[in-house]
Amino acid sequence: MSIIQVHGLRSLEGEIKIQGSKNAVLPMMAAAVLHKGTTVIHNVPRIQDVFCMLGILKKIGCSCSLDGHRLTIDGSSVSESEIPEEYIKSMRASIILSGPLLGRTGTVVTSFPGGCSIGERPIDLHLMTFRALGAGVKEKEDKLIVSAKKLKGADIYFPFPSVGATENALMAAVYAEGVTVIHGAAKEPEIKSLCCFLNNMGARIHGAGTSRLAVTGIKQLYDSEFTVAGDRIVAGTYLAAVMAAQGSIAMKGVLPEDLRSALRVSEKMGAEIREYENRLEVSMMGRPDGFDVVTEPYPGFPTDLQSQLMSVMAVSKGTSRISENIFEGRFKTAEELRRLGADIKIKDKKAVIHGQHILRGNSVTATDLRGGAALVVAGLASEGMTEIYECHHIERGYEDICRDLTSLGAAIRGME
Ligand code: EPZ
């Protein structure tokens, strides 16, 4: 699907099930490389980034089978220590294979992932982690070679709670001699679920959910099964959709506490939220009220919902402001929203949005995963038809955004 067509100004009604979490399952798939046996993961989303990670796992010697949403990985014959360059370039998240490969084989050969449309995306904190655990890091013909005879537990201090670097630190420390303490660790729900996943395999990690994670090195992991939680960013995207289009929807398979900050913001903007154990109900009658938001590491407002919220603010009452503190390139979608009539001014890390009653359909182009989803949200609040190009970005993280929104009453379809 490379084009999505949306006919806007239809309110949303109905109930959907939220897919498994992309940002929780990718590190779990990487962690399976640590184990010379079988790992089964349930509720795996069928998205491009998962298929890409499967391709890498097979390349390094794992045998994998994805049957519906059930993934089986046999890591008994991992033979390669190199993450193929073509994968690193197409999916930056493949960098989280370096920790488990280093822990499993003592070596990892990779390349700098490079930047993407949302930011420069350095990996200095990942490399700092590996050095702290006793590995050497060398550059040779634009390749990175990280190796260690034996990883030794250490104290690692993150100046910034990097999600990926925390994940790599956890996975590299599983077999390291002694105790590793990660100070200033990221606290996103995906980190907590990775700690639970690794402990379920037989690792010894304490402090899940806090910024201080202690990993006691062990000798062996065991066959295990685990179920991935619902994707909080996909749920947050549909929260934005009903706020922009109005109506009343229910979302099954999502944990409200994973979305706490986004739910608080949506209530301040006039949404009515009803929370249950594994389910959310959201109603929006009338235009949202403008509001000011700052993106921060968890539990702050997530940068991955910033573009989608900007689309809501574009049709909210009054003036709203967004400060983006995580990724310097994440305001790119504003240019496309302006093509729909949005009034958005950007200066450095701040966006000021003057809300319009409705937007006007037009052709727009997705530049990144969440920016593309934001354009779909904006199309729902636009008069006439909106055509969104380069939708392969959206397929990286959404199983079928057209299927989900159609089942909520939207007039939306994907085309090749
Ligand atoms: C993860 O990316 C997510 N990706 C991102 O989601 C998410 O936006 C991000 O965390 C923040 O929550 C996955 O989980 C696969 P970071 P990651 O390391 O790990 C700087 C999506 O849409 N930094 O926490 O790359 C970096 O430049 C994606 O699903 C360094 O300076 O994020 C950025 O400013 C997009 N040095 C900040 O930290 C480093 O070594 C956050 O990066 C690493 C990061």
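# Loops, a helix and a ligand shell

Me: Where in this predicted model is E390 found?

Reply: The model is predicted. Two elements bracket the segment that holds E390: strand β24 (385-389) and helix α13 (392-395). E390 is found in the loop between β24 and α13.

Me: Is E390 buried, partly exposed or exposed?

Reply: E390 is not a glycine, yet its phi is positive, about 60°. Buried residues fall under 20% relative accessible area and exposed ones over 50%. The relative accessibility of E390 is 38%, so E390 counts as partly exposed.

Me: Does D142 count as buried or exposed?

Reply: D142 sits in the loop between β7 (136-140) and β8 (143-147). Its phi is near 55°, a positive value in a residue other than glycine. The cut-off for exposed is over 50%. D142 has 52% relative accessibility and therefore counts as exposed.

Me: Which residue is joined to P299 by a cis peptide bond?

Reply: P299 has its place in the loop between β17 (292-294) and α10 (306-313). Omega of the cis bond is about 15°. The partner of P299 in this bond is Y298.

Me: What span is expected for helix α2?

Reply: Helix α2 covers residues 48-59, twelve in number. From first C-alpha to last it reaches 17 Å. That is close to the expected value, which at 1.5 Å a residue is 16 Å.

Me: Which elements are among those that cover the buried residues of α2?

Reply: The buried residues of α2 are D49, V50, C52, M53, L54, G55, I56 and L57. After the helix comes G61, with a positive phi near 115°. The cover over the buried residues includes α1, β4 (63-67), β5 (70-74) and α3 (85-90).

Me: Which helix gives the most residues to the shell around the ligand?

Reply: The ligand is surrounded by 22 residues. At least two shell residues come from each of α1 (22-31), α5 (124-132), α6 (163-173) and α12 (369-380). The shell divides into ten nonpolar, five polar and seven charged residues. With three residues, the helix that gives the most is α5.

Me: How much of the ligand's accessible area does the protein cover?

Reply: A side-chain N or O atom of D124 is 2.7 Å from a nitrogen atom of the ligand. Ligand oxygen atoms lie 2.7 Å from a polar backbone atom of L125 and 3.4 Å from a backbone N or O atom of P122. On its own the ligand has 820 Å² of accessible area, and the share covered by the protein is 85%.

Conventions:
Residues numbered from 1 in each chain as written. Predicted model: local features only at pLDDT ≥ 70, side-chain atom pairs only at ≥ 80, totals over all residues. Heavy atoms only, no water. Near = heavy atom within 4 Å. Polar contact = N/O pair within 3.5 Å; in protein donor to acceptor, adjacent residues only side chain to side chain. Areas by Shrake-Rupley, 256 points an atom, 1.4 Å probe, with all protein chains shown as cover. Helix = DSSP H or I, 4+ residues; strand = E, 2+ residues; numbered from the N terminus. Nonpolar A, V, L, I, M, F, W, Y, C, P; charged D, E, K, R; others polar. Expected span 1.5 Å × (residues − 1). Buried < 20%, exposed > 50% of the residue type's maximum accessible area, 1.4 Å probe, protein only. Contact = heavy atoms within 4.5 Å.
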